[in-house]
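This report is for a reader who has not met this structure before. Please look over the sequence and the model first, then read on.

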Amino acid sequence: MPVPKQHNISSSNTTHVTGIEVPLRVGLEAHVQAQLSDVLAFYRTELAKRGWEEKPDGAVVAADHVQLAFASPKGPATLKLGRAKDETTVSLVQRNTEAAAKANFLPIAGQARLIFGYLAPDVASLVINDQTIKIAGGENHPQTLDLPPGTYSYALLVSGYRVRTDTITVAAGEAWSLTLDGDKKPDQIY
């Protein structure tokens, strides 16, 4: 993932799935000592060189923030820029459609997918969107649930006891992982 030379902080992250060599999702976070307009020009040039096509739908270009969608050779991508403390903040994410399809993580068109499983011997349940879904115990048996885009309250229960209550906001085409491990928040994996 490209990052301007003037950056003073950058980090990358990837989402991998067992059995699939390429990541489902690659992300870059950076802080750049440059004006937002200069960073935007950098990314438009660099991403075009890599075969990324900017999509006009939903594009936001303002003086203090930018959000652009791209079609990249591997799948959908998003660039978000903002201003904080005389720096431009960068969030760049590319999702790999082929890898997500191999992992069975692609949601139904127009929906988002939740993926969840449980490793302890007890039976667990996910309560979301007026549904209670039993999660098999003993081994990791990933289960999925496709939902329309939106914000949902959910509860995770183990042996009938509530272990976590939270909300999750999902958008069409996304996949999120819910785990029963401690207070771990949902992870966007695609």
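## Confidence

Confidence in this predicted model is highest in helix 1 (residues 36-49), with a mean pLDDT of 97. It is lowest in strand 9, where the mean is 86. Across the protein the average pLDDT is 89, and 93% of the residues score at least 70. Where pLDDT is low, the predicted coordinates should not be read in detail.

## Overall build

The protein has two helices and 14 strands. Taken along the principal axes, its C-alpha atoms fill a box of roughly 55 × 35 × 30 Å. Of the 190 residues in the protein, 42% are buried.

Contacts in the protein can also be sorted by separation along the chain. Among those with a separation of 6 or more, 48% are between residues 24 or more positions apart.

## Surface and charge

The accessible surface of the protein is about 10300 Å². Carbon and sulfur atoms account for 50% of that surface.

The protein carries 18 positive and 20 negative charges. The mean position of the positive charges lies 2 Å from the mean position of the negative charges.

## Salt bridges

Side chains of opposite charge can pair when their charged atoms come close. How many salt bridges does a search of the whole structure find? The search finds seven, and three of the pairs are described here.

The side chain of E46 forms a salt bridge with that of R50, with an N to O distance of 3.0 Å. The two partners can be set side by side in terms of exposure. E46 has a relative accessible area of 18%, so it counts as buried. R50 has a relative accessibility of 40% and therefore counts as partly exposed.

A second salt bridge links the side chains of K55 and E53, at 3.5 Å from N to O. K55 counts as partly exposed because its relative accessibility is 34%. E53 is also partly exposed, since its relative accessible area is 46%.

K102 and E98 form another salt bridge, and their closest N and O atoms are 3.7 Å apart. Both residues belong to helix 2 (residues 97-102). They are four residues apart there, which is about one turn of the helix. Both K102 and E98 are exposed. Elsewhere, E46, K49 and R50 are joined into one network by salt bridges that share partners.

## Backbone angles in two loops

Most residues other than glycine have a negative phi. Two residues are described here with that in view.

D86 is not a glycine, yet its phi is positive, near 60°. Where is D86 found? D86 sits in the loop between strand 5 (76-84) and strand 6 (87-95). With a relative accessible area of 66%, D86 is exposed, because the cut-off for exposed is over 50%.

N129 is not a glycine either, and its phi is positive at about 50°. N129 lies in the loop between strand 8 (124-128) and strand 9 (131-135). Is N129 exposed or partly exposed? Its relative accessible area is 35%, so N129 counts as partly exposed. Strand 9, which follows this loop, is also the element where confidence is lowest, at a mean of 86.

Notes:
Residues numbered from 1 in each chain as written. Predicted model: local features only at pLDDT ≥ 70, side-chain atom pairs only at ≥ 80, totals over all residues. Heavy atoms only, no water. Salt bridge = Lys/Arg side-chain N within 4 Å of Asp/Glu carboxyl O. Buried < 20%, exposed > 50% of the residue type's maximum accessible area, 1.4 Å probe, protein only. Contact = heavy atoms within 4.5 Å. Areas by Shrake-Rupley, 256 points an atom, 1.4 Å probe, with all protein chains shown as cover. Lys, Arg positive; Asp, Glu negative; His and termini not counted. Charge placed at Lys NZ, Arg CZ, Asp CG, Glu CD. pLDDT = per-residue confidence, 0-100.
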